[in-house]
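Let's take a walk through this protein together, beginning at one residue and working outward. Have the model open and ready to rotate.

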Amino acid sequence: MADFNIDKVKIRIEGLKKRYTLVHISDCHISTDSPLDTDEQRETARKSQKVWKTFNGDTLDGVMADAVQYGIDINADAICCTGDIVDQFTKGIFADAKKVFDMSDKCIYVMGNHEGGRWHEEYKQITGDDTQIQVRELDEIVIVSVDNSAHELMPHAFEKLKCIIAGEKPVILLQHVPLHQPSLFEKGEDFWGKGNLTYFIFDEACKWDKKREYYELLTKEKTSLKAILAGHMHLTHADTFENGVVQMVAAPCFTGYIRAVEISGE
């Protein structure tokens with residue numbers, strides 16, 4: 001198994017009686033050179049492999065498989081994969097990614113901008129019937145994943161999310177694109193360069209008519225939402241909004257990064 005950098009963090013939720021472990025993985029950019037694909041697609045995949053170089057020389061799907069195996073080995077309650085697990089959608093790359101997710105029923109797949117999941121019915125084989133929102137109930141907490149990879153939510157997903165976080169159970173939200181935080185924006189500019197963050201954060205200026213309602217719902221209103229796990233920016237970050245919700249952004253899995261989140265009442 002790959003020698004991962006395991007970032008162990010804790011989230012305290014008052015009143016919990018049990019202890020829960022989530023494994024957070026993001027942005028592996030699987031780009032296998034598959035015989036199921038066209039010559040043009042295979043050439044694109046080979047170019048992507050040179051861009052997303054793995055930390056130990058393994059294949060990108062091999063690194064992802066090792067990350068999922070880590071979640072299995074520690075008996076994680078959920079393995080949360082927050083988008084861009086594949087670099088492009090092709091039949092071959094999807095088939096190889098699906099093999100990884102078939103390793104455990106604890107995997108939760110969140111769509112990223114590289115998935116283009118809204119236009120590919122095949123992803124329902126991993127997410128279930130609705131690629132836009134998934135709900136995973138544990139004993140005392142709820143994990144909800146939404147597809148905000150195009151800087152919007154489908155209306156039904158938005159309404160369902162509002163209902164869930166208005167409930168009593170603590171909610172952990174998974175999404176690919178993180179919400180704007182000043183500290184995250186500053187780190188992102190250092191990483192990507194000034195003026196390059198247009199498509200890297202979800203803020204009040206994004207092109208969606210309910211952007212302000214969504215942003216304020218998650219960052220200002222008091223709800224049962226406790227934490228947001230995201231990726232997309234290819235860096236590690238954690239900060240807390242004024243309503244007490246913590247947002248944790250994961251570095252890419254292809255660099256050997258895994259976040260292990262312990263959730264308890266202690």
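A good place to start is Cys-253: setting aside neighbours within four places in sequence, this residue is in contact with Phe-4, Ile-25, Ser-26, Asp-27, Cys-28, Phe-55, Val-63, Met-64 and Ala-67. Keep in mind as you look around that this is a predicted model.

Cys-253 also belongs to the largest nonpolar core, which has 34 residues. Along with Ile-25, Ile-30, Met-64, Ile-79, Phe-101 and Tyr-109, Cys-253 is among the residues that touch the most other members of that core. Two or more core residues come from each of β2 (20–25), α2 (60–73), β3 (78–82), α3 (91–101), β4 (107–110) and β11 (257–264). Of these, α2 gives the most, with 7 residues. There is also a second, separate core of 25 residues, and Ile-165, Val-171, Leu-179 and Leu-218 are among its members.

Now step back to see the whole protein. You will find 7 helices and 11 strands in it. Its C-alpha trace spans about 50 × 40 × 35 Å along the principal axes. How does the radius of gyration fit with a compact globule? For 266 residues, such a globule would have a value near 18 Å, and the protein's 17 Å agrees with that. Buried residues make up 56% of the 266. Among contacts with a separation of 6 or more, 74% link residues 24 or more positions apart.

Finally, turn to the surface and the charges. The protein exposes about 11800 Å², with carbon and sulfur atoms supplying 48% of that area. It carries 31 positive and 44 negative side chains, and the centres of these two sets lie 2 Å apart.

Definitions and conventions
Residues are numbered from 1 along each chain as its sequence is written. This is a predicted model: local features need pLDDT of at least 70, side-chain atom pairs count only at pLDDT 80 or more; totals for chains, interfaces and linings use all residues. Side-chain values use heavy atoms; hydrogens and water are left out. A nonpolar core is a set of buried Ala, Val, Leu, Ile, Met, Phe, Trp, Tyr and Cys residues joined through side-chain atoms within 4.5 Å. Buried means under 20% relative accessible area, exposed over 50%, partly exposed in between (1.4 Å probe, protein chains only). Helices (H or I, at least four residues) and strands (E, at least two) are DSSP runs, numbered from the N terminus. Contact means heavy atoms within 4.5 Å. The radius of gyration is taken over C-alpha atoms; the globule rule is 2.2 Å times the number of residues to the power 0.38. Accessible areas come from the Shrake-Rupley method with a 1.4 Å probe; for residues, only the protein chains shown count as cover. Lys and Arg count as positive and Asp and Glu as negative; His and the chain ends are not counted. The place of a charge is taken as NZ of Lys, CZ of Arg, CG of Asp or CD of Glu.
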